[in-house]
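Please look through the structure below before reading the briefing, and keep the sequence at hand so that each residue can be found as it is named.

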Amino acid sequence: MFEKYDIIVVGGGHAGCEAAAAASNLGSKVLLITMNMGVIAQMSCNPAIGGVAKGQIVREIDALGGYTGIIADKSTIQFRMLNKSKGPAMWSPRSQNDRMRFAEEWRLQLEALQNLDMWQDMVKEIIVENNTVKGVITSLGLKIYSESVILTNGTFLNGIIHIGEKKMGGGRAGERSAKGITEQLVSLGFESGRMKTGTPPRVDGRTVDYQEMEEQWGDEKEEHFSYTNIEKTLNKRCCWITYTNTKVHDILRTGFEQSPMFTGRIRGLGPRYCPSIEDKINRFAERDRHQIFVEPEGERTNEIYVNGFSTSLPEDVQLKALREIPGFRNAKIYRPGYAIEYDFFPPVQLDLTLETFKIKNLFFAGQINGTTGYEEAAAQGMIAGINAHQKINDDKEFILKRSESYIGVLIDDLVTKGTDEPYRMFTSRAEHRLLLRQDNADIRLSPLAYNLGLIDKERYQKVVEKENQSEEIVKVLQKKSVDPKEVNPLLEQVNSSPINQKTKYINLVSRPQLGIQSLEEAIPDLEKELNGYRADSKEQAEIKIKYESYFQKEEEIVKKIKSMEDKKINPDFDYSTLPSLSAEAVEKLKKVKPRTLGQASRISGVTPSDITVLMVHLK
């Protein structure tokens with residue numbers, strides 16, 4: 001039935017979709033195998049994309065020619081730029097999405113790719129010959145051959161769903177778990193572990209009293225993820241905020257004896273930064289309330305996602321506690337919350353390309369690597385898809401540095417440090433976050449995407465134009481001056497010190513209370529001077545002016561660190577030949593197989609003196 005493929009992608013979640021799209025757009029013949037074609041790119045948890053640090057990742061995926069940002073824009077029902085009161089390094093885009101439309105748009109996008117085929121089946125085994133992957137075997141007994149395989153199994157590997165004392169096999173509510181792959185990989189020498197995640201009950205919105213909650217609308221300004229021209233419609237739906245209370249907490253505690261989390265039936269560690277409601281009231285017993293975000297699942301559906309109320313307690317306890325939350329007195333549940341436990345493979349078994357060390361041409365991406373979140377999964381999928389294509393075509397591997405992207409930080413953290421709990425990206429994980437902003441992801445990464453062939457010349461030229469225009473705007477503001485009488489009324493209005501002589505515009509823009517837009521609105525001559533420049537170019541120019549000194553300091557730090565990152569190490573080097581290394585360093589270095597001295601320095605247990613020994617050897 002099947003020709004031989006270049007790449008087989010196993011799993012149709014966010015990682016699988018981006019992996020299949022990237023590889024097929026680069027020219028590989030790709031087969032995407034998923035257990036259910038009706039739920040491709042399903043938003044298994046909350047119906048939203050982006051957020052703190054995650055929004056930056058989506059912008060980076062888009063800059064590299066991926067589709068998550070485009071699909072998010074097409075299905076947005078509300079958009080917000082988070083942390084706008086802080087500096088631009090913290091600004092994080094987030095959209096509320098129509099869950100059904102998001103999945104539909106992904107399906108249509110994949111079907112439009114010429115080099116991509118899809119097949120509905122379960123992969124139960126990979127075909128391995130001479131430590132090289134050669135294809136897969138499905139539950140139907142079909143052998144399908146390929147040059148490379150990317151596993152993006154999400155929460156489906158031996159997945160178990162827990163609701164109170166009940167448990168059932170499944171990778172998601174209503175879907176079976178995947179069997180066979182974990183056992184085979186362990187037999188091949190891989191280490192595996194268990195993780196846990198959860199989801200809240202879904203509620204019939206017709207039974208909710210929104211008047212008892214706080215409204216939360218999106219931004220009035222038109223915003224988006226993608227740098228392409230996607231038609232955007234803002235604020236189609238409102239979200240709301242409400243709170244739990246002591247009565248809710250008391251009811252939840254009555255179910256603790258039946259909680260799979262407290263009785264030890266769940267062995268896997270859950271996400272630290274997205275705990276269940278029972279975990280929250282147990283760990284933070286001193287708190288009288290916890291915030292609940294009430295999020296519509298789509299533009300037209302009644303279904304509501306109760307963000308902040310993830311639980312695996314018995315159904316009757318869930319409903320009884322929920323009805324004590326303001327606004328939910330008469331709530332009816334469509335489906336209860338549950339916890340899910342699944343297999344993962346510690347990512348220190350991977351190279352920075354996301355290829356496994358033990359089996360050639362086999363790549364892992366997404367929750368199989370111990371991450372949590374659509375955005376982290378999609379980023380890994382894209383990098384795995386690119387590198388699988390590059391590897392089978394003997395082209396240069398594609399590795400992003402920590403200093404050039406959040407995606408680089410994500411993958412370096414995973415393969416260098418590993419993780420024993422679901423990994424989530426935060427801005428604090430990126431030491432160079434001042435340079436890795438959401439507003440300049442296209443400038444940072446589009447040249448790389450263009451050289452790979454993932455974006456076309458027209459799109460690349462728009463990025464070049466944006467950067468050139470921003471530099472031109474800075475020059476205009478450096479050259480032009482403004483008279484006190486023209487600008488002092490504005491300065492008085494924003495509580496900024498008045499000027500008493502002609503002043504360069506650039507000095508005014510550098511003030512925290514002022515921006516290019518407010519100056520244009522107050523001074524017609526400036527508006528005329530900057531007419532024709534793009535809005536994103538003006539934003540880029542303003543950020544450069546306000547934070548130039550900080551950027552320069554950060555770039556100097558990056559240059560100093562770059563010397564270590566540029567010192568290459570053979571991944572197959574035998575560290576036991578260096579007697580001056582500590583025993584722990586030899587063990588960790590052999591396991592992680594760092595590619596550079598910089599990566600070696602970030603391995604837990606490798607000391608500065610160990611790095612000095614390596615430096616001497618490299619010299």
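The points that follow go through strands, helices, enclosed spaces and a few backbone angles, one topic at a time.

This is a predicted model, and every value given here was computed from it. Among its features are an open sheet of 6 strands, a helix of 19 residues called H9, and 3 cavities of 30 Å³ or more.

**The open sheet**

- The sheet is built from 6 strands in the order E14-E15-E16-E17-E13-E18, and the pairing between them is antiparallel.
- Strand E14 (214-216) and strand E18 (333-335) stand at the edges with a single partner strand each, so one side of each has no neighbour in the sheet.
- Neighbouring strands of this sheet are turned against each other by 35° on average, when direction is ignored.
- At one of these edges, E14 is joined by 3 bridges to strand E15 (residues 239-243), and the two run antiparallel; within this pair, Glu215 stands opposite Trp240 in E15.

**Strands E7, E8 and E9**

- Strand E8 (residues 132-138) is mostly covered, since 6 of its 7 residues are buried.
- On one hand, E8 is joined by 6 bridges to strand E7 (residues 123-129), in an antiparallel arrangement, and Val136 in E8 is the bridge partner of Ile126.
- E7 and E8 form a hairpin with 2 residues between them, and Asn130 in the turn has a positive phi of about 50°.
- Asn131, which lies in the loop between E7 and E8, also has a positive phi, near 60°, although Asn131 is a residue other than glycine.
- On the other hand, E8 pairs with strand E9 (residues 143-151) in the antiparallel sense over 3 bridges, and here Ile137 stands opposite Lys143 in E9.
- The hairpin of E8 and E9 has 4 residues between its strands, and Gly141 in this hairpin takes a positive phi near 85°.

**Helix H9**

- Helix H9 (residues 374-392) has 19 residues and reaches 27 Å from its first C-alpha to its last, which is close to the 27 Å expected at 1.5 Å a residue.
- Because 17 of the 19 residues of H9 are buried, this helix is largely enclosed by the rest of the structure.
- H9 is followed by Asp394, and the phi of Asp394 is positive, near 55°.

**The largest cavity and helix H10**

- Of the 3 cavities of 30 Å³ or more in the structure, the largest has a volume of about 60 Å³.
- The residues that line the largest cavity are Leu352, Ile383, Phe398, Ile399, Leu400, Ile407, Gly408, Ile411 and Asp412, and by class they comprise 7 nonpolar, 1 polar and 1 charged.
- Helix H10 (residues 406-417) gives the largest share of the lining of this cavity, namely 4 residues.
- Asp413 also has its place in helix H10, and Asp413 counts as buried because its relative accessible area is 5%, where buried means under 20%.
- Asp413 and Asn451 are 38 residues apart along the chain, and their C-alpha atoms are separated by 26 Å.

**The second largest pocket**

- About 1,400 Å³ of space lies in the second largest pocket.
- This pocket is lined by 44 residues, of which Lys221, Glu223, Ala535, Asp536 and Glu539 are the closest to its centre.
- Its lining divides into 11 nonpolar, 9 polar and 24 charged residues.
- Helix H11 (441-452), helix H12 (457-479), helix H15 (516-522) and helix H17 (535-565) each supply at least two residues of the lining of this pocket, and H17 gives the most to the lining, with 8 residues.

**A positive phi at Lys593**

- Most residues other than glycine have a negative phi.
- Lys593 has a positive phi, near 55°, and is a residue other than glycine.
- Lys593 is found in the loop between helix H18 (583-592) and helix H19 (597-601).
- Lys593 counts as partly exposed because its relative accessibility is 23%, a value in between the 20% and 50% cut-offs.

How values were computed: Residues are numbered from 1 along each chain as its sequence is written. This is a predicted model: local features need pLDDT of at least 70, side-chain atom pairs count only at pLDDT 80 or more; totals for chains, interfaces and linings use all residues. Side-chain values use heavy atoms; hydrogens and water are left out. On a 1 Å grid over the protein atoms alone, a cavity is a set of points where a 1.4 Å probe fits but cannot get out, and a pocket is an open set with protein on both sides within 12 Å along at least five of seven lines; lining residues have an atom within 4 Å of a point. Grid points are joined across faces, edges and corners, and a volume is the space filled by probe spheres set on the points. Ala, Val, Leu, Ile, Met, Phe, Trp, Tyr, Cys and Pro count as nonpolar, Asp, Glu, Lys and Arg as charged, and the others, Gly among them, as polar. Two strands pair if DSSP finds at least two bridges between them. Axes are lines fitted to C-alpha atoms, for helices over the stretch in contact, and angles run from 0 to 180 degrees between N-to-C directions. The expected span of a helix is 1.5 Å times one less than its number of residues. Buried means under 20% relative accessible area, exposed over 50%, partly exposed in between (1.4 Å probe, protein chains only).
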